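Here is a short tour of a protein chain for your next coffee break. Have a look at the model first, and then follow the notes below at your own pace.

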Amino acid sequence: MSINASKVSPSQASEMLLAHAISQLSGGKRHKPVYLWGTYGVGKSSIVKQLITKLIAHLDKPVGLLDVRLSQFDAVDTRGIPYIRDQRDALDTVGNDEIAGMSDEVKRAAYQLLSAGPSKTTEWSTPSWLPNVARDGEFGILFLDEIQLACQSVKNAGYQLLNEFRLGDYILPAGWFVIAASNRPNDGAGVSGRMDAAVSTRFKYHLDVMPSAAETTDYFQDIGVRPEVIAFLKFRGEAAGDQAGLIHEFPNGGTAKDKVAIATPRTWESVSDILDDGLPVDLEHIAIEGAIGAGAAGEFVAFLRTMRNLPDIGMFLSDPNNVPLPNEITTQYAVTAALAARVTADNLGNGVTVVSRINNELLEVFWLLATRRDPDLKASPEYVAHKATY
């Protein structure tokens with residue numbers, strides 16, 4: 001079962017959430033929450049974490065984040081542990097200043113009033129996962145993830161928090177707001193059934209977050225994913241013609257039940273970690289296949305083999321105008337990535353010359369990899385000229 005929410009890229013979702021957050025934290029009016037839908041591994045949690053960084057920079061004030069996975073909760077976790085409160089004990093423990101202001105007659109009257117009803121009541125301790133201003137700060141986001149994987153009683157509690165900004169006696173602090181997220185029913189991720197129509201209309205809007213190879217590789221650069229992975233996804237991440245993109249094998253859902261190793265942004269990060277392990281080539285291939293599946297692993301390992309078997313990249317940098325160039329597109333991407341990993345301020349112009357001779361369209365890949373590795377290259381005349389042209 002698919003959903004009819006608007007399809008957006010991670011960056012579009014991030015931009016919309018930033019505007020949503022700013023309008024609440026600076027305007028004083030609480031909006032209805034936003035619901036992020038999306039397939040597994042697409043980066044919904046990363047979007048919210050990046051949102052916090054942007055909010056802190058924009059507002060110039062601390063902004064907290066509580067990331068709560070409702071699928072891990074039982075019903076008791078949402079309301080807290082009950083305890084018995086004796087009303088007479090409560091009266092006896094009123095603050096000293098208040099007690100000093102009470103006459104014996106007033107105190108006796110209070111006891112008589114209490115005796116007209118139950119002397120003991122059940123109250124609930126506040127669960128620690130809920131925002132507490134003293135502990136978590138005045139402003140923040142409560143991120144309720146995996147809602148559709150939670151049991152029904154937990155869902156009901158979550159919906160009260162989303163719709164009424166309260167949970168039992170607990171009231172969400174004024175400077176905090178909620179973002180909800182879940183996999184879609186069509187993702188084969190344990191989500192079943194449908195969201196109640198009366199509940200679905202209580203959100204400001206729904207977004208269906210779709211994977212983007214370009215945005216994922218930018219993010220991978222920021223978190224230090226291996227350049228081999230980034231270069232490959234620049235080459236094969238997006239769909240082209242009748243070839244499906246490998247940034248995510250099943251962006252529209254419908255995952256086969258026998259699939260446990262699937263290419264997604266999350267598992268491509270795992271591939272980067274596998275390359276750091278220094279395994280023998282045969283075991284490395286097995287591990288990569290165990291992360292992203294046989295098809296994607298076969299293509300990536302072939303690309304990796306090409307990169308590793310390139311002639312000395314110094315040949316390209318020492319004679320950029322005459323060195324023979326590769327004709328096969330996989331090798332062209334491999335050479336571009338290898339050059340980006342080797343250029344310095346002294347030989348940068350030679351690297352640019354080689355990539356330009358191969359294919360001008362590869363210059364963006366070259367500059368992305370090179371400047372993320374060495375940000376100082378952005379001050380070079382070659383980079384300035386490139387930005388002025390493109």
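The protein chain has 390 residues, and buried residues make up 46% of them. What you see is a predicted model, built from 19 helices and 10 strands. Among the contacts in the chain with a separation of 6 or more, 73% join residues 24 or more positions apart.

**How confident is the prediction?**

- The mean pLDDT of the chain is 85, and 86% of the residues reach 70 or more.
- Confidence is highest in helix 13 (residues 281-292), with a mean of 97.
- At the other end, helix 5 (residues 96-100) has the lowest confidence, with a mean of 50.

**The nonpolar cores**

- The largest nonpolar core holds 52 residues, and the members that touch the most others are W268, I288, I292, F300, L339 and F366.
- If you click on W268 and set aside residues up to four places away in sequence, you will find that it touches F220, V229, F232, L233, L246, I247, A263, I292, A296 and F300.
- There is also a second, separate core of 27 residues, which includes W129, A150, V154 and L161.

**Helix 11, wrapped by its neighbours**

- Helix 11 spans residues 227-236, and 7 of its 10 residues are buried, so this helix is largely enclosed by the rest of the structure.
- The buried residues are E228, V229, I230, A231, F232, L233 and R236.
- Their cover includes helix 10, helix 12, helix 14 (294-308), helix 16 (329-342) and helix 18 (363-373).
- Two of these buried residues, V229 and F232, are also among the contacts of W268.

**The largest pocket**

- The largest pocket has a volume of about 660 Å³.
- Its lining counts 31 residues, and the closest to the pocket centre are V42, G43, K44, S45 and S46.
- Helix 2 gives the most to this lining, with 7 residues.
- Helix 1 (10-27), helix 2 (44-59), helix 10 (213-223) and helix 12 (265-276) each supply at least two lining residues.
- By residue type, the lining divides into 12 charged, 10 polar and 9 nonpolar residues.

**Around strand 6 and helix 8**

- E146 sits in the loop between strand 6 (140-145) and helix 8 (152-164), and its phi is near 60°, a positive value in a residue other than glycine.
- F165 is in the loop between helix 8 and strand 7 (166-167), and phi of F165 is near 60° too, again a positive value in a residue other than glycine.
- Is F165 buried or exposed? F165 has a relative accessible area of 15%, so it counts as buried, given that buried means under 20%.
- S71 belongs to the loop between strand 3 (64-69) and helix 3 (75-79).
- Leaving out residues up to four places away in sequence, S71 touches D145, E146, L149 and A150.
- The C-alpha atoms of S71 and L144 are separated by 9.7 Å, although these residues are 73 residues apart along the chain.
- With a relative accessible area of 28%, S71 is partly exposed.

**Residues to look up in the C-terminal half of the numbering**- G298 is found in helix 14 and, at 31% relative accessibility, counts as partly exposed.
- G298 and H285 are 13 residues apart in sequence, and their C-alpha atoms are 8.2 Å apart in space.
- L362 lies in the loop between helix 17 (348-358) and helix 18, and it is buried, with a relative accessible area of 4%.
- Which residues does L362 contact, leaving aside its neighbours within four places in sequence? L362 is in contact with Q332, Y333, T336 and V355.
- L362 and V352 are 10 residues apart along the chain, with 9.9 Å between their C-alpha atoms.
- H386 is part of helix 19 (residues 381-389).
- H386 has 6% relative accessibility, so it counts as buried.
- Not counting residues up to four places away in sequence, H386 touches L363, E364 and W367.

How values were computed:
Residues numbered from 1 in each chain as written. Predicted model: local features only at pLDDT ≥ 70, side-chain atom pairs only at ≥ 80, totals over all residues. Heavy atoms only, no water. Core = buried A, V, L, I, M, F, W, Y, C linked by side-chain atoms within 4.5 Å. Buried < 20%, exposed > 50% of the residue type's maximum accessible area, 1.4 Å probe, protein only. Contact = heavy atoms within 4.5 Å. pLDDT = per-residue confidence, 0-100. Helix = DSSP H or I, 4+ residues; strand = E, 2+ residues; numbered from the N terminus. 1 Å grid on protein atoms, 1.4 Å probe; cavity = no way out; pocket = protein on both sides within 12 Å on 5 of 7 lines; lining within 4 Å. Points joined across faces, edges and corners; volume = space filled by probe spheres on them. Nonpolar A, V, L, I, M, F, W, Y, C, P; charged D, E, K, R; others polar.
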